[in-house]
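Got your viewer open and a selection box ready? Load the model below and we'll walk through it stop by stop.

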Amino acid sequence: MMKFRFRRQGADPQREKLKQELFAFNKTVEHGFPNQPSALAFDPELRIMAIGTRSGAVKIYGAPGVEFTGLHRDTTTVTQMHFLPGQGRLLTLLDDSSLHLWEILHHDGCAHLEEALSFQPPSRPGFDGASGPPSLTRVTVVLLVAAGDMAALGTEGGSVFFLDVPTLTLLEGQTLGPDEVLRSVPDDYRCGKALGPVEALEGHLRDPTKILIGYSRGLLVIWNQAAQCADHIFLGNQQLESLCWERSGSTLVSSHSDGSYAIWSADTGSSPTTQPMVATTPYGPFPCKAINKILWRNCESGGHFIIFSGGMPRASYGDRHCVSVLQAETLVTLDFTSRIIDFFTVHSTRPEDEFDQPQALAVLLEEELVVLDLQTPGWPAVPAPYLAPLHSSAITCSAHVANVPAKLWARIVSAGEQQSPQPASTALSWPITGGRNLAQEPSQRGLLLTGHEDGTVRFWDASGVALRPLYKLSTAGLFQTDCEHADSLAQAAEDDWPPFRKVGCFDPYSDDPRLGVQKVVLCKYTAQMVVAGTAGQVLVLELSDVPSEQAVSVSSVDLLQDREGFTWKGHERLSPRTGPLPWPTGFQPRVLVQCLPPAAVTAVTLHAEWSLVAFGTSHGFGLFDYQRKCPVLARCTLHPNDSLAMEGPLSRVKSLKKSLRQSFRRIRKSRVSGKKRAANANSKLQEANAQLAEQACPHDVEMTPVQRRIEPRSADDSLSGVVRCLYFADTFLRDAAHHGPTMWAGTNSGSVFAYALEVPTAVAGGEKRPERAVEAVLGKEVQLMHRAPVVAIAVLDGRGRPLPEPYEASRDLAQAPDMQGGHAVLIASEEQFKVFTLPKVSAKTKFKLTAHEGCRVRKVALATFASVACEDYAETCLACLTNLGDVHVFSVPGLRPQVHYSCIRKEDISGIASCVFTRHGQGFYLISPSEFERFSLSARNITEPLCSLDISWPGDAARARYPTAT
Amino acid sequence: AKQTWSLPSQSFHSRTEFGAEFRRFSLERSKPGKFEEFYGLLQHVHKIPNVDVLVGYADIHGDLLPINNDDNYHKAVSTANPLLRIFIQKKEEADYSAFGTDTLIKKKNVLTNVLRPDNHRKKPHIVISLPQDFRPVSSIIDVDILPETHRRVRLYKYGTEKPLGFYIRDGSSVRVTPHGLEKVPGIFISRLVPGGLAQSTGLLAVNDEVLEVNGIEVSGKSLDQVTDMMIANSRNLIITVRPANQRNNVVRNSRTSGSSGQSTDNSLLGCPQQMEPSLEPEEEDSDDEDIVIEDNGVPQQIPRAVPNTESLESLTQIELNFESGQNGFLPSNEVSLAPVASGPSTEFETRAPDQKLLEEDGTIITL
């Protein structure tokens with residue numbers, strides 16, 4: 001009764017105020033590469049870049065840390081984007097032909113992206129060019145003219161409409177229909193055919209009155225907007241894909257659907273040009289695919305650049321995603337791993353300059369952004385400081401390491417620098433440099449580790465807004481995989497022509513799924529690391545500043561412990577390479593522990609001070625002393641009835657195959673029986689009657705809704721033996737007088753095993769402990785009666801605070817734990833949180849989340865929340881993500897609910913599964929395969945973009961100069 | 001094989017027989033003590049300390065009645081006139097049919113049956129008359145505070161032998177709201193597993209609407225959430241339903257309002273909040289106590305760190321007690337036994353008006 005009252009009347013005003021100072025929920029920034037990009041734009045004056053996506057998002061990037069995000073109201077694909085140069089404004093065209101004007105506005109010194117205006121073209125019945133006024137059916141291309149005050153819209157019907165940009169209103173009188181253009185075209189070219197949609201619109205850099213219009217049929221027209229007449233006409237006959245107007249205006253380039261491009265001279269009199277100066281099919285003579293976009297850039301040094309996408313020979317390389325860069329005699333075919341969305345060059349756009357002088361080429365692909373330095377010979381790639389393709393191989397796990405010591409940070413950065421060839425000092429640095437990052441230098445270094453399907457672990461700088469790649473560790477080199485020969489064969493088979501060059505790092509194909517990384521643990525004080533994978537491999541690695549060549553010690557641990565009647569039908573273990581192997585600078589493997597059977601590792605933990613690593617699979621858990629390289633303990637957690645765990649994942653695949661086969665059989669059977677029925681008219685009638693009868697009671701169909709069985713978990717549920725968490729602690733397990741090393745393991749069926757460890761203590765001052773065997777004795781076994789999976793275990797010290805990490809206290813980086821008062825252990829299951837006293841186990845506090853809320857725990861973490869009001873007030877709380885995507889925060893050790901927020905959509909299962917909390921109340925989760933959303937539960941510790949942009953747009957002055965036509 | 005002895009009124013004598021063995025001893029009538037003590041005494045007297053036995057006595061009508069809790073023990077003591085004849089059988093060989101109120105009237109030779117069990121042993125049949133073995137599997141609770149259209153059912157789950165046995169589904173029901181009748185989503189019982197607990201209680205039926213689970217309203221919660229809540233509370237599940245069949249409602253004259261319609265639910269809104277306090281302590285103390293196995297290998301229940309009032313210890317602990325090997329580690333063991341047998345004991349009370357007198361006097365057990 002009392003308990004109840006406390007819970008309900010918990011609205012203590014002081015506590016409420018404190019909660020506001022401690023907790024606040026914000027989704028702060030999206031890291032990684034935007035999912036499904038669809039449009040690209042660049043503002044050469046502000047040097048900022050915009051990427052639009054298929055879900056209607058607009059993201060603007062400048063210098064590292066300068067980021068703006070906007071979202072269209074409709075989740076419609078952004079098809080085109082155009083910056084109003086220097087104004088910090090962006091015009092976007094969506095798939096539904098609506099136009100939107102975005103502005104970067106400053107509030108309190110920080111810039112934000114906001115939608116200012118939108119324009120939905122009036123949809124009228126009838127076609128363009130037919131009787132009646134031409135209607136704005138579907139916008140195919142947009143061109144900004146007159147310094148961005150007016151926009152020309154090319155449509156599917158062949159008309160060009162004009163729009164006043166500051167107000168986003170249509171300039172009714174100025175519409176240029178295809179009929180008007182056809183009047184200037186010779187009769188024999190006209191031949192009754194329409195010009196087709198407007199495919200390209202290009203402006204003249206120096207003469208804003210001239211517009212180059214390209215029609216799908218091939219006709220190119222230089223239209224004089226002031227004189228309302230065609231200055232010049234080019235009678236092209238090839239279906240047009242794209243156009244580029246050289247900066248002097250004397251040369252045009254057109255690209256075509258047959259894989260050819262043509263160069264036209266605009267200086268030849270006023271009569272229509274019928275033949276281009278040059279027409280070539282670069283990858284001919286066999287049929288080629290269309291050249292979708294072509295750019296022409298001239299250089300002071302002579303020799304212009306022609307850059308185009310597509311145009312590959314249809315039969316042999318039709319499936320490649322290529323951008324070709326041609327300068328004089330040099331041709332490079334950039335071979336990308338994903339579809340090309342768009343590309344631009346960074347070059348001079350001042351009208352008075354004579355040359356474009358392209359500095360860099362930026363190519364937006366479906367899965368990454370690649371920037372090439374066009375000034376350095378060989379056109380090397382420029383490493384991107386952000387927009388990293390997180391998913392270059394699928395992410396299988398992630399971990400966050402907070403407060404990384406400066407020394408380790410420097411070592412990881414240097415290992416990473418040695419990994420990627422460093423650009424020469426003369427080389428171009430990142431060309432997109434707009435805006436200023438106003439965020440303070442992060443107070444501490446945060447490292448995000450992502451484990452990938454291909455056996456790599458990537459280290460990311462997660463201290464700030466821009467997620468920067470630091471270092472990549474590959475574990476594949478330790479193992480023999482099947483796919484290695486295939487690769488070298490493919491390399492040899494490739495011809496010299498076209499001159500392909502592999503660019504980018506997106507590689508979604510994994511050599512061997514067994515290499516997949518399941519768990520990663522890094523000790524930030526000793527630079528030791530454990531990487532555990534899908535085939536039961538547990539690797540202990542150590543950071544080395546020099547390359548080395550050494551053999552890796554291999555041991556295997558049988559987790560079945562002679563349990564009989566089980567046979568593993570899953571994948572085989574990975575076979576390690578024997579003998580000394582060369583290892584580059586960085587994390588080098590020292591010990592490989594192989595779990596048997598080779599099931600995926602489900603939990604792992606490392607205690608560098610004791611040189612112990614604990615690991616668990618669906619069969620049991622083991623403890624390994626990696627200093628003496630010998631196993632200490634193996635325990636089987638399998639329930640005798642659990643056959644599923646034994647057979648491994650492949651048997652389930654088999655049953656899936658079986659069910660597929662069965663369903664095919666069923667389909668075939670129904671076809672056969674259908675024929676039979678057709679033969680018999682009588683039965684046909686019966687069938688029809690039966691169908692009618694079925695239709696007559698449709699509520700019968702409704703009466704079979706989804707139903708759920710109410711049945712408590714029993715001990716013999718399958719996969720009950722899966723080890724879900726492992727934990728090391730120096731605490732009181734056996735008696736209250738002596739504390740010592742302990743290891744804790746929690747399983748899927750609510751069992752907790754606690755072992756007292758006998759670890760020989762190091763001599764004072766010595767780093768390594770003496771060479772004596774480590775012993776483990778089972779001290780306690782706790783069975784949670786609700787049998788829900790144990791997701792986390794943590795020991796709380798006498799003051800109710802979680803124990804520090806190994807070395808944290810001894811190196812004065814954390815307050816030493818209170819070893820005087822009574823310790824307690826916090827056990828978090830998927831349904832309840834409980835705190836038990838130690839060493840005598842008695843229940844102290846608990847919170848039954850599922851019984852109260854009906855939601856289940858997916859992720860938990862202990863986090864420290866600092867107060868915004870008071871510098872040194874902080875509380876340690878339990879953060880928890882539920883299966884509904886809500887985040888709850890509970891006090892520790894009281895386990896009182898503090899706050900809860902809805903964070904992830906409950907349907908977003910991969911997002912919920914990928915969530916990782918930091919030690920200071922932030923978190924990450926995947927919003928797409930390539931993007932992490934960063935969120936913050938702390939009112940104080942927030943990492944969000946704070947930036948400014950120097951914008952000089954004429955504003956009202958512009959509007960005065962170009963009054964809106966009515 | 002039975003004999004009577006006359007006794008002084010201050011104490012009474014007891015004659016026990018176990019198999020062919022007879023023992024005779026005396027007890028203080030005014031202070032019989034607890035059944036547990038008496039049971040221990042019997043085991044001691046017969047030198048059978050570790051044998052589970054059934055204890056019975058012959059009442060004034062000559063019926064063989066069981067002694068297995070404090071109440072019927074006290075009743076038995078009160079009937080000693082002055083001798084109390086007590087019969088002890090080994091549990092595994094017990095002939096339960098010997099017990100009963102009219103056993104001696106129907107079959108004169110019942111006692112010989114007990115003594116020579118292999119003579120004409122009947123087929124073993126289901127034991128329904130041993131109060132100690134009674135255990136609640138379900139109950140209707142809070143009838144006095146709930147609207148009559150609602151039913152609050154408590155299901156007790158013992159081990160895993162019998163499933164709870166029901167399914168729930170999404171559906172919609174009609175509620176009376178300030179804006180008139182409104183169709184709102186609801187959770188309904190969709191199926192009962194034949195032979196399952198839910199079906200065998202007869203308190204739940206298909207299409208009953210589930211309104212609360214352990215005092216928490218389910219409105220606004222998804223089917224999966226409600227499923228998880230029920231499973232999480234499955235050891236002591238209290239669900240409030242609006243039965244689809246409202247004809248079995250007891251119409252209480254205090255509340256003869258129009259609210260007892262088929263599916264209107266205007267009374268729900270205020271009720272649960274008011275109800276919750278009464279549920280909460282129950283829910284708290286009937287907790288599923290976890291088990292710890294220390295290094296001696298003996299499983300033990302994990303006690304509370306902060307001692308709570310023992311009287312709130314509830315029934316589900318008995319079952320856990322059995323699971324963990326009957327070590328008698330639970331201090332509240334005897335206390336928690338009392339409510340189990342409370343049902344039968346009332347019956348004895350009516351026939352034993354002098355019991356109160358016995359309780360008031362102080363007596364000691366003498367040998």
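Here is a tour that starts with whole chains and then picks out particular spots.

**Getting your bearings**

Keep in mind throughout that this is a predicted model. Colour by chain and begin with chain A: 966 residues, of which 53% count as buried. Turn on the cartoon and you'll be looking at 14 helices and 64 strands in chain A. If you draw its contacts between residues separated by 6 or more positions, 59% of them join residues 24 or more positions apart. Switch to a surface, and chain A exposes about 42000 Å², with carbon and sulfur atoms supplying 51% of it.

Now flip to chain B. Its 367 residues are 51% buried, and its cartoon shows eleven helices and 14 strands. For contacts in chain B between residues at least 6 apart in sequence, the share joining residues at least 24 apart is 62%. The exposed surface of chain B is about 18000 Å², 54% of it from carbon and sulfur atoms.

**Stop 1: helix α2 of chain A**

Select residues 13-22 of chain A, which form helix α2. Which residues of α2 are buried? Show sticks for A:Lys19, A:Glu21 and A:Leu22 and you have them. These three sit on the same side of α2(A), because they span an arc of only 160 degrees around the axis. Spin the helix round to its other side and you'll find A:Pro13, A:Lys17 and A:Gln20 exposed.

What lies over the buried residues? Add β1 (23-32), β57 (857-866), β58 (874-882), β60 (897-902) and β63 (931-938) of chain A, which are among the elements covering them.

**Stop 2: A:Glu875**

Stay in the area and pick A:Glu875, in strand β58 of chain A. Is this residue buried or exposed? A:Glu875 has 12% relative accessibility, under the 20% cut-off, so it counts as buried. Leaving out residues up to four places away in sequence, A:Glu875 touches A:Arg15, A:Leu18 and A:Leu22, plus A:Ala863, A:Thr864 and A:Phe865. Then put a distance label between the C-alpha atoms of A:Glu875 and A:Arg801: it should read 9.0 Å, for residues 74 apart along the chain.

**Stop 3: aromatic pairs**

There are 24 aromatic pairs in the whole structure, over all chains. Zoom in on A:Phe23 and A:Phe865: with ring centres 4.9 Å apart and planes at 70 degrees, the pair is edge-to-face. A:Phe23 belongs to strand β1 and A:Phe865 to strand β57, both of chain A, so trace the chain between them if you like: they are 842 residues apart. A:Phe23 is buried at 4% relative accessibility, and A:Phe865 is buried at 0%.

Next select A:Tyr386 and A:Trp430. Their ring centres are 5.5 Å apart and their planes meet at 80 degrees, so this pair is edge-to-face. Look for A:Tyr386 in the loop between β28 (369-373) and β29 (395-401), and for A:Trp430 in the loop between α6 and β30 (436-437), 44 residues away. A:Tyr386 and A:Trp430 are both buried.

For a group of rings, light up A:Phe25, A:Tyr901, A:Phe917, A:Tyr925 and A:Phe935, which ring pairs link into a cluster.

**Stop 4: A:His888**

Go to strand β59 (residues 886-891) of chain A and centre on A:His888. A:His888 is buried, its relative accessible area being 7%. Beyond its neighbours within four places in sequence, the contacts of A:His888 include A:Leu849, A:Cys855, A:Leu878, A:Cys880 and A:His900.

**Stop 5: the largest nonpolar core**

In soluble globular proteins, nonpolar side chains tend to be buried together. The largest nonpolar core here has 35 residues; select A:Leu447, A:Leu449, A:Phe459, A:Met529 and A:Phe587, the members that touch the most others. Helix α6 (residues 406-419) of chain A gives the core its largest share, four residues.

Which residues does A:Leu447 contact, setting aside those within four places in sequence? Among them are A:Val401, A:Val404, A:Trp409, A:Ile412, A:Phe459 and A:Leu522.

Last selection: residues 447-461 of chain A, which an unreviewed UniProt entry annotates as "repeat: WD". This stretch is 80% strand and 0% helix, and its end C-alpha atoms are 5 Å apart.

Note on methods. Residues are numbered from 1 along each chain as its sequence is written. Chains are lettered from A and ligands numbered from 1 in the order in which they are written. Side-chain values use heavy atoms; hydrogens and water are left out. Helices (H or I, at least four residues) and strands (E, at least two) are DSSP runs, numbered from the N terminus. Buried means under 20% relative accessible area, exposed over 50%, partly exposed in between (1.4 Å probe, protein chains only). Contact means heavy atoms within 4.5 Å. The arc is that of the directions from the helix axis to the C-beta atoms. A nonpolar core is a set of buried Ala, Val, Leu, Ile, Met, Phe, Trp, Tyr and Cys residues joined through side-chain atoms within 4.5 Å. Accessible areas come from the Shrake-Rupley method with a 1.4 Å probe; for residues, only the protein chains shown count as cover. UniProt positions are given in the numbering used here, feature names are shortened, and annotations may be inferred rather than shown by experiment. Rings of Phe, Tyr and Trp (its six-membered ring) pair if their centres lie within 6.5 Å; planes under 30 degrees apart count as stacked, over 60 as edge-to-face and the rest as tilted.
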